[in-house]
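Here is a short, friendly walk through one model. Have the sequence and the 3D view open as you read.

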Amino acid sequence: METRVLIVGAGPSGLATSACLTRHSIPHLILEREDCYASLWKKRTYDRLGLHLAKEFCFLPHKPLPPDAPTYMPKDFFLKYIDDYVSQFNIKPLYHRTVESASLVEAGKKWRIEAKNTLEGNVEVYHAEFLVVASGENNEGYIPDIKGLSCFPGEILHSNHYKSGSRYKSKDVLVIGCGNSGMEIAYDLEDHGARTSIVIRSPFHVLTKELVHRGMSLLNYLPTYMVDTLITMLARLEYGDLTKFGIYRPPRGPFAYKNVSGRSPVIDVGTIGKIQNEEIKVVPEILNIEKNNVKFKNGTEKNFDAIVLATGYKSAANKWLKDYKYALNGDGMPKNRVPEHWRGEKGLYCAGLSRRGLFGVSMDAEAIANDINKVITNKKEEFNSSQGYN
């Protein structure tokens, strides 16, 4: 099957790119391995999840949020917005298509994409001038290499399968990972009566969502170092000294640290208060696991009934994108630095891999569609000129 542009992935990145291409009247297809769009949001998020950033940073191109949108949208409100977005732009992904390979053919002029139709069991072949990787940075759950983890007899689940702490009441649960998901899951578990511990190894910033909102707004007017100084000071006033609880801040401020490391500050939903009240126990790095017993590097140990791996995700694009070198590095992330991260070579683009949330998704989608439109327009002009047309 021939198409001008092929998009891999029907998450927010793929949907936004589709809408922007539609605005330019550029024909395209979306291949999605699941049976719905925005499958991460619809299938692999926990019940209490909401958007941590304010609404002005959480909308997609060419469709403002409705006037009644709350400042911080709950999951269901955002999904209704996504449903309306898909309807407005008449986006129709091809579902149950798992891309198995994509490579350059015809002397580098086209992309050949092979996708398995998992409903029918056959492999479909597509050809496109432009290929957009929109399969997301949260494409595949990352499982760390922890000695003895595979022999743990209790329940082990990645955060993308976690829904609610209600089934863990009165159980000992260990959360591994202290990013936003890990901290919020730990809160949810304790809130439902689980005896909760969380592994904290690395330094990170903790902010309220109001401080993040204020900081992101100030970045429009002030340099990063000034915003970081102010927000860090306000965070210290809010939380005090957290080092006695095993939580350390990085030397760089929250927004500078995000720029260099890609790691966002933890937006506190109440977890810090539970840690300070010793309702949630902080534990250090794991040494090894022997059956239900987990040994930590400070010499302590404890038995657990379940382990939740809030250890993040990784891009799996390099597994199927054979000529990834034109846009991605060996980890499946953009090889170019922001703000040119979305642009590859040979008609290859990547959307939603900048670690800048929905705000970054929108910027990527518009930039990609505009660039593809520019390339197509230039080709038409060159052709017309070669034929002697004005």
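A polar contact is a pair of N or O atoms within 3.5 Å; within protein, one of the two must be able to donate a hydrogen and the other to accept it. Please keep in mind that this is a predicted model.

With that in hand, let us start at Ser354. The side chains of Ser354 and Arg356 are joined by a polar contact of 3.2 Å. Ser354 sits in the loop that runs between strand E18 (348-350) and helix H10 (357-386). Leaving aside residues up to four places away in sequence, Ser354 touches Glu137, Val338, His341, Gly360 and Asp364. Is Ser354 buried or exposed? Its relative accessible area is 14%, and buried means under 20%, so Ser354 counts as buried.

Past helix H10 comes another residue worth a look. Gln387 belongs to the segment after H10. From Gln387 to Pro334 there are 53 residues in sequence and 38 Å in space, taken C-alpha to C-alpha.

The table sets Ser354 and Gln387 beside two cysteines.

| Residue | Relative accessible area | Class |
|---|---|---|
| Ser354 | 14% | buried |
| Gln387 | 43% | partly exposed |
| Cys58 | 3% | buried |
| Cys178 | 7% | buried |

What about the cysteines? A disulfide is a covalent bond between the sulfur atoms of two cysteines. How many disulfides does the structure hold? The count is 0. Cys58 is accordingly in no disulfide, and the nearest cysteine sulfur, which belongs to Cys20, is 17 Å away.

Now for the sheet. Which strands form it, and in what order? Following the order E7-E16-E8-E9-E12, 5 strands make up an open sheet with parallel pairing. Strand E7 (155-158) and strand E12 (280-283) each have a single partner strand and stand at the edges, so one side of each has no neighbour in the sheet. From one strand to the next, the twist averages 20°.

At the E12 end, strand E9 (residues 195-199) runs parallel to E12, and 4 bridges join them. Within this part of the sheet, Val199 stands opposite Val283 in E12.

A helix completes this picture. Helix H4 (residues 180-191) packs on the sheet, where it touches strand E8 (172-176), E9, E12 and strand E16 (306-309). The direction of H4 makes about 165° with that of E9.

Note on methods:
Residues are numbered from 1 along each chain as its sequence is written. This is a predicted model: local features need pLDDT of at least 70, side-chain atom pairs count only at pLDDT 80 or more; totals for chains, interfaces and linings use all residues. Side-chain values use heavy atoms; hydrogens and water are left out. Two strands pair if DSSP finds at least two bridges between them. Helices (H or I, at least four residues) and strands (E, at least two) are DSSP runs, numbered from the N terminus. Axes are lines fitted to C-alpha atoms, for helices over the stretch in contact, and angles run from 0 to 180 degrees between N-to-C directions. Contact means heavy atoms within 4.5 Å. Buried means under 20% relative accessible area, exposed over 50%, partly exposed in between (1.4 Å probe, protein chains only). A disulfide is a pair of cysteine sulfur atoms within 2.5 Å.
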